[in-house]
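Here are a few notes to read alongside the model, for anyone meeting it for the first time. Keep the structure open as you go through the points.

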Amino acid sequence: MEWSEGRAFPIEDALEMVFVFDRTGVISYANAAAKKKLEYEEELCGKRISDVFPGAFKSTENGLETEYPFGNELRNLVAYRKNLTCFPVEARIVENAFEKDTCICMANDILEKEYLNREITHVKQEAEQALKVKSEFVANVTHELRTPVNGILGNTRELIETVRDEQTLKALRLIERCCGDMNKIINNILDFSKLEAGKFTLEPRRFHFRNMLDYVKTQHINKLTEKGIGFFMTVSPQIPEYIIGDELRIIQILNNLLSNALKFTAVGKITVEVVRTARVKDKIELFFIVKDTGIGIDKADKDKLFQSFSQVDASISRKYGGTGLGLNICKQLAELMGGKIEVESEKNKGSTFSFSIWVGICEGEEAVEQPEEDGSGMHIFTMAPGGEENDNSDNVTQYGTPENKEALKKNLSKLILCVEMENWEKAEMFMETIRQLTQEAPREVSRVILRLKMAVQKESYEKVNAGYEELNAML
């Protein structure tokens, strides 16, 4: 078989360059792409492969010398045009199975590919630099913000201890609360910045697991008592007393989930359950469940929950506050600890957040399983005051049921007590609970609720009392 330009080949119109050359390096065939790329208007046949790839091949009196390994593997070479300019190619050279003592070279021009790779590398470096600058800026700004906020907070607390005027005390307590909220926002932004920059590191250590849960409970017990929400925490006896993990970050996740549960729950209960789900060598998987009977979330909105700076509804941040960073940070923290976070929810029926993490166990401190009298395999670890466990949360929110009427009476009593004490902040909290308890009420009741809510917002003592008497008469 003879390779000649006059003979038609299927590879003539191929996009890659194709050469056929003998053992002496003389080219016997080159397709159209090869002629075009190498800018040979006349015949390439008769030229040597060393003219095209001088870096890989050398023609001598004894024939063709090369260290190039023949085979199907792609290798990078430099191809030279007729005018001695060059460009990079990816090539493979194989022995011709149809004609002895000849070789076939197939090469692709990768000049554009290398250019794009350089551009991508450049853009990536710029993005990394921008991220670094942003992270440093956020760290500096949050540090600078924290200093004056803590200064205001410290001076406000000193004044609270000395001031006796009720109006002034009310203003000072509002400043104290705002400073605390500001510090939480600053901490969230700083944590998010570190996580985004990949500079966040966990600090695992040995700690008492049940003491940690008790600490979490004490941080929320006052708010739970104020709102009259039942609180239950159970922990599996399979979990050792001491574990090895980042206690601060586990607390951070639990606090965030409990704060959200409290924020969006007006009546009913909040439960926390912790179980051990797996063990691999000296590591165990812990599974946390935080369930509430709050406002719930539409199924279509669940994906928004864990996105940065995202709220399910824009009105939520106006009504309840928040930056939209908390759950995203919880998600990333859980993933850093080898687990994940999920949510199940139904509008007006409550939400169940669950997350898993992997922690270490200390040698000789493996928990011993003990059978429970009730057969549940769980210990009730703690319960908030006034939180009798029941399953009547659906009846509480359904207007007109005995449970609903009882809850309304309790919250109306707490509302009027707060008004008598001129604690309008807490009065608004109980007013919101009353509003949620009367969502299914007839129109005439809803109108009274609306007037009562406006009176509380305007801090009008007479109008609140009038609305209270009218609503009481209706109930």
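1. Start with the overall layout: the chain comes to 13 helices and 15 strands. Keep in mind that this is a predicted model. The chain has 475 residues, and 42% of them are buried.

2. Now for how the chain folds back on itself. Take the contacts with a separation of 6 or more: 63% of them are between residues 24 or more positions apart. On the outside, the accessible surface comes to about 27100 Å², and carbon and sulfur atoms account for 51% of that.

3. There's a nonpolar patch worth finding on the surface. Phe137, Val141, Leu145 and Met182 make it up, and together they have about 320 Å² of accessible area. Helix H3 (residues 111–162) gives the largest share of the patch, with three residues. Phenylalanine 137 sits in helix H3, and at 53% relative accessibility it counts as exposed.

4. On to charges: the whole structure has 14 salt bridges. One of them joins the side chains of lysine 426 and glutamate 226, at 3.0 Å from N to O. Lysine 426 belongs to helix H11 (residues 424–437) and glutamate 226 to helix H5 (residues 209–227), so this pair ties together parts that are 200 residues apart in sequence. Both ends count as partly exposed: lysine 426 at 29% relative accessibility and glutamate 226 at 24%.

5. For a local pairing, look at glutamate 335 and lysine 331, whose side chains meet in a salt bridge at 3.0 Å, N to O. Both lie in helix H8 (residues 326–336), four residues apart, or about one turn of the helix. Here too the two residues are partly exposed, with relative accessibility of 42% for glutamate 335 and 29% for lysine 331.

6. Another salt bridge links the side chains of glutamate 342 and lysine 340, with 3.5 Å from N to O. Glutamate 342 is partly exposed, at 41% relative accessibility.

7. Last, the cysteines. How many disulfides does the structure hold? Zero. Cysteine 178 is in no disulfide, and the nearest cysteine sulfur, that of cysteine 179, is 7.1 Å away. A disulfide here needs the two sulfur atoms within 2.5 Å, so this pair does not qualify. The two cysteines are also covered to differing extents: cysteine 178 is partly exposed, with a relative accessible area of 44%, whereas cysteine 179 counts as buried at 7% relative accessibility.

Terms used
Residues are numbered from 1 along each chain as its sequence is written. This is a predicted model: local features need pLDDT of at least 70, side-chain atom pairs count only at pLDDT 80 or more; totals for chains, interfaces and linings use all residues. Side-chain values use heavy atoms; hydrogens and water are left out. Buried means under 20% relative accessible area, exposed over 50%, partly exposed in between (1.4 Å probe, protein chains only). Patches are made of residues with over 30% relative accessible area and no salt bridge: like charges are joined within 9 Å, nonpolar side chains (Val, Leu, Ile, Met, Phe, Trp, Tyr) within 5 Å. Accessible areas come from the Shrake-Rupley method with a 1.4 Å probe; for residues, only the protein chains shown count as cover. A salt bridge is a side-chain nitrogen of Lys or Arg within 4 Å of a carboxyl oxygen of Asp or Glu. Helices (H or I, at least four residues) and strands (E, at least two) are DSSP runs, numbered from the N terminus. Contact means heavy atoms within 4.5 Å.
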